[in-house]
Amino acid sequence: MATTKTHHLKEWNTLHRNGPFPLKTLYITELEGDGNMPIKLERYNDVAKEIQRLIKETHEAGYGFRAYGSAWSMNDIAHQRDRMHYNGFMNIHIPIALDDLHPNTNFDASNLFLFECGTTIKRMSEVLSAHGKSLKTTGASNGQTIAGCISTGVHGSAFNVGAVQDYVVGINLIIGPNPNDIVYLERHTVPALTDNFASKICDRIIRNDKLFNAALVGLGSFGFIHGVVIEAEPRFLLKRYVKKIDKKIALKLSDTLDFKNSSFKIPEETDAQDFGNIPYHFKVFINPYNNEAEYVVELMYKKPYVSNYDDPFPIIKQSLYRDLIHLFTKMAENFPKSIPWLVNQLKKSILPKVDEELIGTLPEIFWDAPYQGPAFACSVGVDHINASKALKLLADLTTSEGPIPGIFAMRFVKQSKATLAFTKFPVTCMLEIDGVLWEKTRKIMSLTEYSKRIIEVLKQNNIPFTLHWGKNSDWAFPGLLETMYNETKINEWKACRKALLGEAMATLFSNDFLKTIGLVDDEVFIDEDLIVSL
Amino acid sequence: MNSILVRLGLIASCFIFTSCYTVRLRSVNGTMQPDPLMSRDDYYRGMEVVELDTVIKINLTSKDFTYLIKETDKCKSGKLHTIEFKNTFGGSLLSMVTFGRNRKMKIKYVCMNSTN
């Protein structure tokens, strides 16, 4: 039998210490050992019953419930003030066999895998690698759990691939304590699993594009994500280049993504006609506090996998000494004028080394990121055609009303089908500001005030935008949700959630973040057709 | 006299400073056993850390000491992910005055997360 430890706590915090947030109870569930229950599906279903027991217990107590994994989100999206469930020990994986493929599917069975919610990106990559496969993309790091990634829209900068949720083809949800409350969702237009296999992990199968797309980026509130079926691809290598290029060229590339006709070329990465190849990954780093004529850019090109490539692991970068970070933060708070100098001093630790080249697999290139102390990250999504305009506005804001102890970067992500994906533009430029967390003083505005100004500046300049669900912002900004998404999408998401969960469970799986942003709405019209198989 | 004392102080400071260092071995593969309670705020935040801070006796003939990593609640897999060895001035001094018989063992280790 799966077992749960209950901790009675007063508060909970994220990995990057963006809280603390109040909490009454933390549940930690572990599966039965494989020595006692050797069949994976049995262990998987056994722990599902345990989760249902916890949901029942919580519901009867009149409390809310929310699952979380690695706690990497930098706001309170993963937080529930009553009861939270840590799922990092729930990490079963099951490869999908040919016989388990839906008759109308185009998927290759060898590319499909069921992963349990708490499996980290690193573990997934290792499992896939053992099968000669790879994830299509990650969040450029490997510590997040798969359920956390899809719930918040985690992305890398593979602009022809998408975000993590975009290779999920099936979701197994526990939506309540009762029989029939374990459901498996797929798109009806892109089915993956046979009823026979799906019914081994659920009570109900629902094939419905609209419902699936709504649940895909569900902000942790579409029930307990127990497992996801993902589509992997054959293992590949990435050749990574770091270059310094003229600002104007870097910005033009950001606005057009036209690598074919750009004057910037990497000699090894051109076609027979000498046009530039399209990279797999493109990232631009911007230090708003210097006026250098060039930006550092990072490009990665996809290559077929071979086993004999140079070891991509350099000596792992030394972590910044913690006391040094503390000192820098205190200096930033008390002497804001020192921030540009501090950011410039940290340049070598923050930016990749120029002209560095390496080749490796996706998990090797995006290996472990060590904890570097309390951190913040603001991340704004804009259509990539507005990338340079948005960058200028936010860099000007930061230097004129700041300074802020952070550095900018731009990454690019293909459009997602998820209803509330922040990667909603044909190619979304994620404009990120990352740095050390500071305290408001008389001389430096707070992170929430800075976030508010970001929203105001983008609105004033009529730049449509979204915000990364797992990062810092002024989430209480009036009308923020309606500014970012159209009403149809918002209502569709709310209606799907309510129709699937019902009144009581919709309340149980809500949290303060959802209320703040305005996604808890009692008035929403429920159409039962939303949750039928099509 | 004063300048001699200052020099001696400087030499002692250099000795103390240079005798403290940390060496960390970390596996490229595998995921660490997490600490859901996030009880630390250092390099190991989010990791379940086992700390050993003890004095061991080294046999003068064998010069060898083996510490076994067993499966416990803080090391569910019984397999190592990260190990950190710290040498301090006190440790060096202890070793020196006991002619290498007593050694300070200041170690942190993190185990691999158990997989299902």
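Which residues in α5(A) meet which residues in α14(A)? In this predicted model, the α5(A) side of the pairing consists of A:Lys210, A:Leu211, A:Ala214 and A:Ala215. Facing them from α14(A) are A:Glu492, A:Trp493, A:Cys496, A:Arg497 and A:Leu500. Sorted by class, this helix-to-helix contact holds six nonpolar residues and three charged ones, with no polar residues.

As for the geometry, the axes of α5(A) and α14(A), the latter spanning residues 487–508, sit 9 Å apart and make an angle of about 100 degrees. Since angles of 65 to 115 degrees count as roughly perpendicular, α5(A) is therefore roughly perpendicular to α14(A).

Now for the domains. Chain A splits into three: domain 1 covers 3–234, domain 2 covers 236–484 and domain 3 covers 487–531. Between domain 1 and domain 3 of chain A, the C-alpha centres are 20 Å apart. The contact between these two domains draws 23 residues from domain 1 of chain A and 17 residues from domain 3 of chain A. On the domain 1 side, α1 (40–60), β5 (65–68) and α5 (209–216) of chain A each put in at least two residues. The largest share there belongs to α5(A), with four residues. As a whole, the side of domain 1 of chain A that touches domain 3 of chain A is made up of nine nonpolar, ten polar and four charged residues.

There is also a database annotation to look at in this part of chain A. An unreviewed UniProt entry lists residues 211–230 of chain A as a "transmembrane region". What does the model show for that stretch? Over residues 211–230 of chain A, helix accounts for 30% and strand for 35%, and the C-alpha atoms at the two ends are 17 Å apart. A:Leu211, A:Ala214 and A:Ala215 are among the α5(A) residues that meet α14(A), and the UniProt listing runs over 211–230.

That leaves the contact with the partner chain. Here chain A brings 22 residues and chain B brings 13 residues. Within chain A, β4 (25–30) and α2 (121–130) each supply at least two residues to the side that touches chain B. The top contributor to that side is α2(A), which gives three residues. In terms of chemistry, the side of chain A that touches chain B comprises ten nonpolar, six polar and six charged residues.

Notes
Residues are numbered from 1 along each chain as its sequence is written. Chains are lettered from A and ligands numbered from 1 in the order in which they are written. This is a predicted model: local features need pLDDT of at least 70, side-chain atom pairs count only at pLDDT 80 or more; totals for chains, interfaces and linings use all residues. UniProt positions are given in the numbering used here, feature names are shortened, and annotations may be inferred rather than shown by experiment. Two residues are in contact if their C-beta atoms, placed from the backbone, lie within 7 Å. Ala, Val, Leu, Ile, Met, Phe, Trp, Tyr, Cys and Pro count as nonpolar, Asp, Glu, Lys and Arg as charged, and the others, Gly among them, as polar. Domain bounds come from an automatic or database domain assignment. Axes are lines fitted to C-alpha atoms, for helices over the stretch in contact, and angles run from 0 to 180 degrees between N-to-C directions. Angles under 35 degrees count as roughly parallel, over 145 as roughly antiparallel, 65 to 115 as roughly perpendicular and the rest as oblique.
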